[in-house]
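Thanks for coming. I will take the ligand site, then one pocket. Please have the structure open.

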Amino acid sequence: MAEYVTLRHAGREFRLPLVEGSEGEKAIDISKLRQETGLITLDPGYANTGSCRSVITFVEGERGILRYRGIPVEQLAERSTFKETAYLLINGVLPTQKELTRFSVLLNDHSLVHEDMKIFYQNFPRSSHPMGILSAMVNALRSFYPELQNLEEEINITVTRLLSKVRTMAAMSYKISRGHTVVYPRQDLTYCANFLNMMFDSPVRPYELDPDVVKALNVFLILHADHEQNCSTAAVRVVGSARVNLYAAVSAGIAALWGPLHGGANQAVIEMLNDIAGKKNLGQAVARAKDKKDPYRLMGFGHRVYKTYDPRARIMKRMVHILLEKLHLSDPLLDVALELEEIARKDDYFIEHHLYPNVDFYSGIALRAIGIPSNMFTVMFAIGRLPGWIAQWKESMDDPDWKLCRPRQIYVGPGERPYSPIEER
Ligand code: ACO
């Protein structure tokens, strides 16, 4: 039986339908609110606003649950590969062996980047941040690969191109930034092994692939693959709602992800841990984070949705320990991170505010062990999040409730006033 919420305003009663998700989440459908009542809602940061119905990812922040297409992320991190998880997110089901082989062939076929794009890369100033370059270059892909007439073919090829080329472009930008020869993708390597080889192989020192490093990279990317309506995904959907091409929508997602409050936090965490290690004063960092007059925050702590331990952070932390042990490495920043977590988690402020480590807290330490430089950390996040952006964009394109995204506002500026000529001001 349909449920409603009653709204009373200006002596009238309005019935607003209740919508229930498959996991029991409830929402008030306000899509006719303004039409029927003249009112709008005000929700800065959209913390209470559902923007769509989605069948892709389920996050439950109170219990720390994350599932892609119903499958717990813990199981995917343990047993799947990033390529298979990408297929799952985009197509809704796990691939058969035949489908996975076909997907691999397509990814290999589209892995090269147009040679003219190399010239673009070479002309960015050396100090450019790789996220700015990636966002620009993904947008530029449309110029190099014009639209096809057949819509289905256009979408399928664009999706495959993006998944394959963004990986090549990320490695390419790293090589060019170091003034090194670009390494081309290889048909015989798996998705993650190929990326590592393009990053680290060199004419003077061939790169030796280590299965533990390949596994760690797969886990890293799986953990980042989707997270429902986060800031960058919302950006992809909002920009995509104007029916712009997928490259441009993903480019907007990359720009949003760059921010330190979102994906850029993984680089910011390492900078913070380095700073704390240099000053040898963890207590001061915690005190600053609690001081309301100080904008300083503990990076890698807190989350809009998780009010308990982020399940991705738990997996990442365990993975970091295993990886360092297998590689016979020790990282002093891991000791700082562990101590910081221990102090923060016993602190009343962090307990009362439900602030726990998020996915970015330990991920930088994993990436350092793999050999990724810190200014490439957020690019790694972008490679991981790509299947999620694509799946969410595709879903929005097929959504029968689709609408151009265009929020309203409450205007609080001056009332009407006349224009004054410059000599009278
Ligand atoms: N350190 C100290 N205090 C914090 C932190 C933190 N990392 N995060 C939140 N708080 C406090 C805020 O000061 C606020 O306190 P108040 O209610 O007493 O004023 C309260 O907790 C709520 O914080 P908001 O900023 O309102 O919560 P919101 O949901 O908007 O923020 C966010 C979430 C942006 C992630 C925040 O926790 C933060 O800035 N964390 C650090 C950056 C970070 O790690 N970002 C990565 C997030 S994961 C991802 O995007 C992949």
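By class, the shell around the ligand has eleven nonpolar, six polar and four charged residues; here Ala, Val, Leu, Ile, Met, Phe, Trp, Tyr, Cys and Pro count as nonpolar, Asp, Glu, Lys and Arg as charged, and the others, Gly among them, as polar. This is a predicted model, in which local features need pLDDT of at least 70, side-chain atom pairs count only at pLDDT 80 or more, and totals for chains, interfaces and linings use all residues. Residues are numbered from 1 along each chain as its sequence is written, and side-chain values use heavy atoms, with hydrogens and water left out.

Which residues are closest to the ligand? Of the 21 that surround the ligand, they are Arg-297, Leu-298, Gly-300, Arg-304 and His-353; a residue is near if one of its heavy atoms lies within 4 Å.

Now three N or O pairs. His-353 places a polar side-chain atom 2.7 Å from a ligand oxygen. Lys-292 has a polar side-chain atom 2.9 Å from an oxygen atom of the ligand. Leu-261 uses a backbone N or O atom, 2.9 Å from a ligand nitrogen. The protein covers 75% of the 920 Å² of accessible area that the ligand has on its own (Shrake-Rupley method, 1.4 Å probe).

Next, the second largest pocket. A pocket is an open set of points on a 1 Å grid over the protein atoms alone, where a 1.4 Å probe fits, with protein on both sides within 12 Å along at least five of seven lines; lining residues have an atom within 4 Å of a point. The second largest pocket is lined by 18 residues, with Phe-200, Arg-205, Pro-206, Tyr-207 and Glu-208 nearest its centre. Its lining has ten nonpolar, three polar and five charged residues.

Conventions
Polar contact = N/O pair within 3.5 Å; in protein donor to acceptor, adjacent residues only side chain to side chain.
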